[in-house]
Amino acid sequence: MTSEEVAQDAMQIILHAGEARKHCTDALKDIEKSDFAGAKEKMKLANAEIVIAHRVQTNCIQKETEGAKGEYSVLFAHAQDTLMTIYSEINIAKRLIDIFESVNHRLTQLEMINK
């Protein structure tokens, strides 16, 4: 793989991971408003983007295991760091949706009992 190909792949990973982060951030904003349906929809978008980024990374790794020589790239290392960081953010956001949805449900039940 040429250094230009590595750079192009790295930029694709960063682009799609960045889009995933944007959707994840939007989902967190929906959680703040107790819009759990909206948050879940945005998380589907985030997941779709992170899958694309992960596929690009996987293709690069497969090329290397098949014998394609590539030079070390700080940009590609950054892309991988970005991918894994945002993947973690997505996992946390998914859990936060479940947690806040549960808390919201419990509060609603308490409010109904206290009426």
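**Exercise 1. Find how much space lies in the largest pocket, and describe its lining.**

Step 1. In this predicted model, the largest pocket holds about 240 Å³ of space.

Step 2. Its lining is made of 14 residues, and those closest to the pocket centre are Met 1, Val 6, Glu 64, Glu 71 and Phe 76.

Step 3. Next, look at the elements: helix H2 (36–65) and helix H3 (74–113) are the ones that give two or more residues to this lining.

Step 4. Sort the lining by class, and you get 8 nonpolar, 3 polar and 3 charged residues.

**Exercise 2. Check whether the end-to-end distance of helix H1 agrees or disagrees with its number of residues.**

Step 1. Helix H1 covers residues 3–32, which makes 30 residues.

Step 2. The expected span is 1.5 Å times one less than the number of residues, so H1 should span 44 Å.

Step 3. The end C-alpha atoms of H1 are 43 Å apart, which agrees.

Step 4. Now try H2 in the same way: its 30 residues should also span 44 Å, and with end C-alpha atoms 42 Å apart, H2 agrees too.

**Exercise 3. Work out which helices the buried residues of H1 and H2 pack against.**

Step 1. Pick out the buried residues, those under 20% relative accessible area. In H1 they include Val 6, Ile 13, His 16, His 23, Cys 24 and Ile 31. Val 6 has turned up before, as one of the residues closest to the centre of the largest pocket.

Step 2. Do likewise for H2, where Phe 36, Met 43, Glu 49, Ile 50, Val 56 and Cys 60 are among the buried residues.

Step 3. Follow the contacts. The buried residues of H1 pack against H2 and H3, while those of H2 pack against H1 and H3.

Step 4. Finish with what follows each helix. Just after H1, Ser 34 has a positive phi of about 60°, and H2 is followed by Gly 67, with a positive phi near 110°.

**Exercise 4. Locate the UniProt annotations for His 78 and Asp 81, and say how exposed each residue is.**

Step 1. The unreviewed UniProt entry lists His 78 under "modified residue: Phosphohistidine", and its "binding site" annotation covers Asp 81.

Step 2. Place them on the fold: His 78 lies in helix H3, and Asp 81 lies in helix H3 as well.

Step 3. Apply the cut-offs: exposed means over 50%, and partly exposed runs from there down to the 20% limit for buried. His 78 has a relative accessible area of 42%, so it is partly exposed. Asp 81 has 51%, so it counts as exposed.

Technical notes
Residues numbered from 1 in each chain as written. Predicted model: local features only at pLDDT ≥ 70, side-chain atom pairs only at ≥ 80, totals over all residues. Heavy atoms only, no water. 1 Å grid on protein atoms, 1.4 Å probe; cavity = no way out; pocket = protein on both sides within 12 Å on 5 of 7 lines; lining within 4 Å. Points joined across faces, edges and corners; volume = space filled by probe spheres on them. Helix = DSSP H or I, 4+ residues; strand = E, 2+ residues; numbered from the N terminus. Nonpolar A, V, L, I, M, F, W, Y, C, P; charged D, E, K, R; others polar. UniProt positions renumbered as here; feature names shortened; annotations may be inferred. Buried < 20%, exposed > 50% of the residue type's maximum accessible area, 1.4 Å probe, protein only. Contact = heavy atoms within 4.5 Å.
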